[in-house]
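These are my notebook entries on a single protein chain. I went through side-chain pairs, burial and overall make-up in turn.

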Amino acid sequence: MERKYFCAYHSYLEAMEQLTDVECGRLFRACLLYSRTGEAPKLTGNERFVFPGMKSQIDRDRNKYKDKCEKNRRNGSLGGKATASERQQPAANAGERPPNAPRTPPKEKEKEKDKEREKEKPSPPTPQGEPTRFDAFWTAYPKKVGKDAARKAYLSRKPTQELHQRMLAAIAAQKQGDQWTREGGRFIPNPATWLNQGRWEDEVPKGSAGGASKPARASKTVAEQQYTQREYDPTEYEQMVAKAMEEASKL
């Protein structure tokens, strides 16, 4: 079933706070068009720096919706939910043991209990002063605002070592992109927003790394060109002047 809408999150307000009302209108219309057609419209204003994050979120929401529809379709093909009597049947037979079923040795039972207890033990606290993965993320991220919100968003993701490394690599790449280098980093999202929206999956446009190229320096003016200055002997100069005056008197 095709979706007739897209989700607009409150966190978008932080990304849009630097945009004008006209740019916000163009951004909202671009999201609607992309949600309906799957084609990204061409944007020329500052809204083009905010649109990629919203586009990625629309894609993730669409995939979740498709997975949910597919799961419901499979459940429907299996005959729907089990009735109350069917749900009670396994519970009634739970205590019955087949006559030929092998017995679990006592030692094996103890091993299984030990494994369960190990799983229930809380993870040891991080020693004071030892850096955590979030500390590495916070050090790498260029915009240092909302640290508590960023930590909460980071921990909610429960990142593995692989995902953590992907985040750091994405930050390093996006630091060189046009969006993060434009106007002194004005369009860098807050770290909590970046984490909540999964912005490490954004694609950095090719050719944008390193910022805009510097214009070529104009050629030197005549005044800047260097010439070798001739040095004159004072005695030679006086003789030249006297000779010139003598020739002039003959005219």
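Are F137 and Y154 buried or exposed? I looked this up before anything else, keeping in mind that the model is predicted, and I found that F137 is buried and that Y154 is buried as well.

**Entry: aromatic pairs**

I then turned to the rings of these two residues, and F137 and Y154 form an aromatic pair with 5.7 Å from centre to centre and 35° between the planes, which is listed as tilted. F137 belongs to helix α6 (residues 133–140) and Y154 to helix α7 (residues 147–157), so the pair ties together parts of the chain that are 17 residues apart in sequence. I also noted that both residues are members of one aromatic cluster, formed by F134, F137, W138, Y141, Y154, W180, W194 and W200.

For the chain I recorded a count of 13 aromatic pairs. One that I examined is F6 with F28, whose ring centres are 6.0 Å apart and whose planes stand at 50°, so this pair is tilted. I placed F6 in the segment before α1 (12–16) and F28 in helix α2 (residues 21–37), and the pair links distant parts of the chain, 22 residues apart. The two partners fall into separate burial classes: F6 counts as buried because its relative accessibility is 13%, where the cut-off for buried is under 20%, whereas F28, at 46% relative accessibility, counts as partly exposed.

**Entry: salt bridges**

My next count was of salt bridges, which comes to 10. In helix α3 (residues 51–77), R74 and E70 are four residues apart and therefore separated by about one helical turn, and their side chains meet in a salt bridge at 3.7 Å, N to O. I checked the accessibility of each partner and found R74 partly exposed, with a relative accessible area of 43%, and E70 also partly exposed, at 32%.

In helix α7, the helix that also holds Y154, I found a salt bridge between the side chains of D148 and R151, at 3.4 Å, N to O. These residues are three apart in the helix, so about one helical turn separates them. D148 is exposed, with a relative accessible area of 62%, while R151, at 32% relative accessibility, counts as partly exposed.

Which class do the partners of the salt bridge between D202 and R199 belong to, buried or exposed? I read their side chains as meeting at 2.4 Å, N to O, and I noted D202 as buried, at 13% relative accessibility, and R199 as buried too, with a relative accessible area of 3%. Elsewhere in my list, salt bridges that share partners join K55, D59 and R62 into one network.

**Entry: the chain as a whole**

I closed with the overall make-up, for which the secondary structure comes to 11 helices and zero strands. Of the 251 residues in the protein chain, I recorded 24% as buried. The chain exposes about 19,700 Å², and carbon and sulfur atoms supply 53% of that area. Among the contacts with a separation of 6 or more, I noted that residues 24 or more positions apart account for 69%.

Methods:
Residues are numbered from 1 along each chain as its sequence is written. This is a predicted model: local features need pLDDT of at least 70, side-chain atom pairs count only at pLDDT 80 or more; totals for chains, interfaces and linings use all residues. Side-chain values use heavy atoms; hydrogens and water are left out. Rings of Phe, Tyr and Trp (its six-membered ring) pair if their centres lie within 6.5 Å; planes under 30 degrees apart count as stacked, over 60 as edge-to-face and the rest as tilted. Helices (H or I, at least four residues) and strands (E, at least two) are DSSP runs, numbered from the N terminus. Buried means under 20% relative accessible area, exposed over 50%, partly exposed in between (1.4 Å probe, protein chains only). A salt bridge is a side-chain nitrogen of Lys or Arg within 4 Å of a carboxyl oxygen of Asp or Glu. Contact means heavy atoms within 4.5 Å. Accessible areas come from the Shrake-Rupley method with a 1.4 Å probe; for residues, only the protein chains shown count as cover.
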